[in-house]
Amino acid sequence: MTTRCIFCEIASGRQPARVVHQDDLVTAFWDIHPQARVHILVIPNQHVTSLREAEEVDAALLGRCLQVAARVAREAGIAESGYRVLTNVGPDAGQSVYHLHFHVLGGNRLRLALG
Ligand code: 5GP
Ligand code: ZN
């Protein structure tokens with residue numbers, strides 16, 4: 001049995017999203033419930049559950065996610081004012097979608113929420 005993964009569906013175009021970047025490895029799209037003026041998610045196109053699996057995936061894929069995070073931040077106009085990139089891993093961090101994603105947040109002063 002395969003469970004439905006909403007981010008796999010967005011990466012493959014089966015589920016609509018406000019996509020701002022897509023290449024052979026990575027997709028970036030607006031979060032459906034933005035927590036800041038700019039809130040974009042960057043995901044690997046292939047299914048990776050979370051950063052917990054980082055050692056099992058190609059390091060280039062993880063690097064590409066961060067490069068695309070920087071690029072979409074620049075294109076959204078928040079590179080100079082500043083932004084935050086974060087990923088939640090597992091229940092204590094509040095991960096709600098179990099497909100690795102990096103949040104790119106900015107466009108306003110961000111609250112510090114380090115736990
Ligand atoms: P997490 O809590 O796992 O770190 O973040 C999951 C994020 O995915 C949340 O910010 C949530 O708003 C976003 N999200 C959940 N479902 C969808 C969806 O179907 N489309 C989009 N664009 N974002 C989603
Ligand atoms: Zn997935």
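**Notes on a predicted α/β chain and its His-101 site**

1. A good place to start is the pairing of Thr-27, whose bridge partner in strand S3 is Ile-43. Thr-27 itself belongs to strand S2, and five bridges join S2 to S3 in an antiparallel arrangement. Please keep in mind throughout that this is a predicted model.

2. Staying with Thr-27: is this residue buried or exposed? It counts as buried, because 23 C-beta neighbours lie inside 10 Å, where 20 or more is the cut-off. Leaving out residues up to four places away in sequence, Thr-27 touches Ile-10, Ala-11, Val-19, Gln-22, Ile-43 and Asn-45. The bridge partner Ile-43 is thus among these contacts. Thr-27 can also be placed relative to helix H2 (residues 59-75): its C-alpha atom is separated by 10 Å from that of Ala-69, 42 residues apart along the chain.

3. Phe-29 is another residue of strand S2 worth a look. Phe-29 is buried as well, with 22 other C-beta atoms within 10 Å. Beyond its neighbours within four places in sequence, Phe-29 is in contact with Ile-10, Ala-17, Arg-18, Val-19, Val-20, Ile-40 and Leu-41. Ile-10 and Val-19 appear in this list and also in the list for Thr-27. The C-alpha atoms of Phe-29 and Ala-11, 18 residues apart along the chain, are separated by 9.3 Å.

4. Now to strand S3 (38-44). Six of the seven residues of S3 are buried, so the strand is largely enclosed by the rest of the structure. S3 pairs with S2 through five bridges, and another five bridges join S3 to S5, again antiparallel. Two positions help to fix the register with S5: Leu-41 stands opposite His-103, and Val-42 stands opposite Phe-102.

5. Strand S5 (102-106) is mostly covered, with four of its five residues buried. Besides its five bridges to S3, S5 has four bridges to S4, and that pair runs antiparallel too. Val-85 has Val-104 as its bridge partner in S5. Following the pairings then gives S2 to S3, S3 to S5 and S5 to S4.

6. Which residue carries the "active site" feature in UniProt? The record, an unreviewed entry, places that feature at His-101, and the annotation may be inferred rather than shown by experiment. In the model, His-101 lies in the loop between strand S4 (83-86) and strand S5 (102-106). Although it is a loop residue, His-101 counts as buried, because it has 25 C-beta neighbours inside 10 Å.

7. What does His-101 touch? Not counting residues up to four places away in sequence, the contacts are Phe-7, Leu-41, Val-42, Ile-43 and Thr-87. Leu-41 and Val-42 in this list were met above as the residues opposite His-103 and Phe-102. Ile-43, also touched by His-101, is the bridge partner of Thr-27, which links this site back to the opening point.

8. Helix H2 spans residues 59-75, and its 17 residues reach 25 Å from first C-alpha to last, close to the 24 Å expected at 1.5 Å a residue. Its buried residues are Cys-65, Val-68, Ala-69, Val-72 and Ala-73. Seen down the helix axis, they fall within an arc of 135°, so they line one face of H2. Ala-59, Ala-60, Gly-63 and Arg-74 are the exposed residues on the face turned away from this buried side.

9. What covers the buried residues of H2? The cover includes strand S1 (19-22), strand S2 (26-30), strand S3 (38-44), S4 and S5. Just after the helix, Gly-77 takes a positive phi of about 85°.

10. Finally, the overall picture. The protein chain has two helices and five strands, and along the sequence they follow the pattern α-β-β-β-α-β-β. Its radius of gyration is 14 Å, close to the 13 Å that the globule rule gives for 115 residues, so the chain is as compact as a globular protein of that length. The C-alpha atoms fill a box of roughly 45 × 30 × 25 Å along the principal axes. Buried residues make up 24% of the 115 residues. Among contacts between residues at least 6 apart in sequence, 58% join residues at least 24 apart.

Technical notes:
Residues numbered from 1 in each chain as written. Chains lettered and ligands numbered in written order. Predicted model: local features only at pLDDT ≥ 70, side-chain atom pairs only at ≥ 80, totals over all residues. Buried ≥ 20, exposed ≤ 12 C-beta atoms within 10 Å, placed from the backbone. Contact = placed C-beta atoms within 7 Å. Expected span 1.5 Å × (residues − 1). Arc of directions from axis to C-beta. Pairing = 2+ DSSP bridges. Rg over C-alpha atoms; globule rule 2.2 N^0.38 Å.
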